[in-house]
Amino acid sequence: MNIDVSGSTLSLQRDRMITLREATGARVECLDGALWITQEGEAQDTVLSSGGTFTVDHMGLTLILALRPSQLRVCPNRTPVGAVERLHALLSPALRAA
C-alpha cells in the first residue's frame with residue numbers, strides 16, 4: 001500500500017518508526033521531539049531535534065525512529081525518483097574513459 005503523506009504532520013510515539021523507500025531527495029523536518037534517522041548503505045546516522053531538517057541522499061531504505069514523542073513532516077523530492085542516479089550510471093563509464 002502506498003500512502004501519500006506529503007505536507008502532512010505525522011505524530012510518532014517514542015520508539016515508533018516509519019520507513020521510506022527509494023526516497024532520495026525527500027526532506028524530513030522534525031517539528032517537535034527527537035528523531036533518529038539511518039539510511040541503507042550509509043555508516044553515519046543522524047539525530048534531529050525540534051527545528052532540524054534532513055535530506056535523504058541514498059537510494060534504498062531509510063528508517064526514522066522517534067526517540068521521544070515527536071512530530072515530523074516528510075516533503076518528497078520533486079525530481080523523479082532515481083533520475084539522478086540513472087543519469088550518473090549512464091555517464092560514469094564515459095567520464096572514466098575520458
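In the hairpin formed by strand 3 and strand 4, where six residues lie between the strands, glycine 41 adopts a positive phi near 85 degrees. Strands here are DSSP runs of E with at least two residues, numbered from the N terminus. The model is a predicted one, in which local features need pLDDT of at least 70, side-chain atom pairs count only at pLDDT 80 or more, and totals for chains, interfaces and linings use all residues. Residues are numbered from 1 along each chain as its sequence is written, and side-chain values use heavy atoms, with hydrogens and water left out.

Strand 3 is a handy place to follow the pairing, where two strands count as paired if DSSP finds at least two bridges between them. Strand 3 runs antiparallel to strand 4 (residues 46–49), with four bridges, and isoleucine 37 sits opposite threonine 46 of strand 4. Eleven bridges link strand 3 with strand 6, again antiparallel; here cysteine 30 faces leucine 72. Strand 5 (residues 53–55) pairs with strand 3 in the antiparallel sense over three bridges, and valine 28 has phenylalanine 54 as its bridge partner there.

Turning to the interior, the largest nonpolar core has 15 residues, of which Leu20, Val28, Leu35 and Leu48 touch the most other members. Such a core is a set of buried Ala, Val, Leu, Ile, Met, Phe, Trp, Tyr and Cys residues joined through side-chain atoms within 4.5 Å, buried meaning under 20% relative accessible area (1.4 Å probe, protein chains only). Leucine 48 is in contact (heavy atoms within 4.5 Å) with residues including Val28, Cys30, Leu35, Ile37 and Phe54, its neighbours within four places in sequence being left aside.

Methods:
Buried < 20%, exposed > 50% of the residue type's maximum accessible area, 1.4 Å probe, protein only.
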